[in-house]
Amino acid sequence: MLEIKHNRIIPKVKHKGLYNEHKKNKVYSRLVQKLQAFRNNSSDIKFVYTCRMNDSGKIAFILDAEENVKDRSACGSTSDDATPLLIQATKSCTRPLVENSFYTDEWGTFLSAYAPIYTKEHVLNGVVGLDISLSTVNAALRTMLL
């Protein structure tokens, strides 16, 4: 299984200024490619994304590693069904956090983990989130039990 110790996926200064109008920006594209490479480096990870709290107090997705642009969360799109842990993580995350239960949505059943993204001034600017499917976790557990 994947272990997140330090978030070195997203450069500190790059994430801070990204908003919806930057979708076609080269920096945005390079950061999406970094997330894709991270996800592709582990067969355990289904989804990788970044998000932060917006000015309205909602969770806003910034980067999404989906290959098909049509399947990506739009930069700046918000979520009304964020978990309490994700909300907490975008406000005060100091270390990687893992949800204590699975959730099910239209894409399947997953366990999520979050790691902080800081500005170069060491101010929290969001989190990198990753989702691992229930079937992947079950397969890992079966392997450990054999």
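The lining of the largest pocket is a mixture: ten of its residues are nonpolar, seven are polar and nine are charged. Keep in mind as you look that this is a predicted model. The largest pocket itself has a volume of about 670 Å³. Altogether 26 residues line it, and those closest to its centre are Phe61, Tyr103, Asp105, Trp107 and Asp131. Try finding these five in the structure, and you will have the middle of the pocket in view.

Which elements give two or more residues to that lining? They are the strands β1 (45–53), β2 (59–64), β3 (78–79), β5 (103–105) and β6 (108–118).

Now step back to the whole chain. Four helices and seven strands make it up. Reading from the N terminus, you pass the elements in the order α-α-β-β-β-α-β-β-β-β-α. The chain has 146 residues, and 40% of them count as buried. Contacts also reach along the sequence: if you take those between residues at least 6 apart, 52% join residues at least 24 apart.

Let's follow the chain to helix α4, which covers residues 134–145. Its twelve residues reach 16 Å from the first C-alpha to the last, close to the 16 Å expected at 1.5 Å a residue. Which residues of α4 are buried? They are Thr136, Val137 and Ala140. Looking down the axis of α4, you would see these buried residues fall within an arc of 100 degrees, so they line one face of the helix. A general rule helps here: an α-helix has 3.6 residues a turn, so residues three or four places apart point the same way. On the other side of α4, you will find Ser135, Arg142 and Leu145 exposed. And what covers the buried residues of α4? Part of the cover is strand β7 (124–133).

Our last stop is a single residue, Arg39, which sits in helix α2 (residues 26–40). Is Arg39 buried or exposed? Its relative accessibility is 9%, and because buried means under 20%, Arg39 counts as buried. Who are its neighbours? Leaving aside residues up to four places away in sequence, Arg39 touches Ile45, Lys46, Val48, Ala65, Glu66 and Glu67. Pick out Arg39 in the structure and look for these partners around it.

Terms used: Residues are numbered from 1 along each chain as its sequence is written. This is a predicted model: local features need pLDDT of at least 70, side-chain atom pairs count only at pLDDT 80 or more; totals for chains, interfaces and linings use all residues. Side-chain values use heavy atoms; hydrogens and water are left out. The expected span of a helix is 1.5 Å times one less than its number of residues. Buried means under 20% relative accessible area, exposed over 50%, partly exposed in between (1.4 Å probe, protein chains only). The arc is that of the directions from the helix axis to the C-beta atoms. Contact means heavy atoms within 4.5 Å. On a 1 Å grid over the protein atoms alone, a cavity is a set of points where a 1.4 Å probe fits but cannot get out, and a pocket is an open set with protein on both sides within 12 Å along at least five of seven lines; lining residues have an atom within 4 Å of a point. Grid points are joined across faces, edges and corners, and a volume is the space filled by probe spheres set on the points. Ala, Val, Leu, Ile, Met, Phe, Trp, Tyr, Cys and Pro count as nonpolar, Asp, Glu, Lys and Arg as charged, and the others, Gly among them, as polar.
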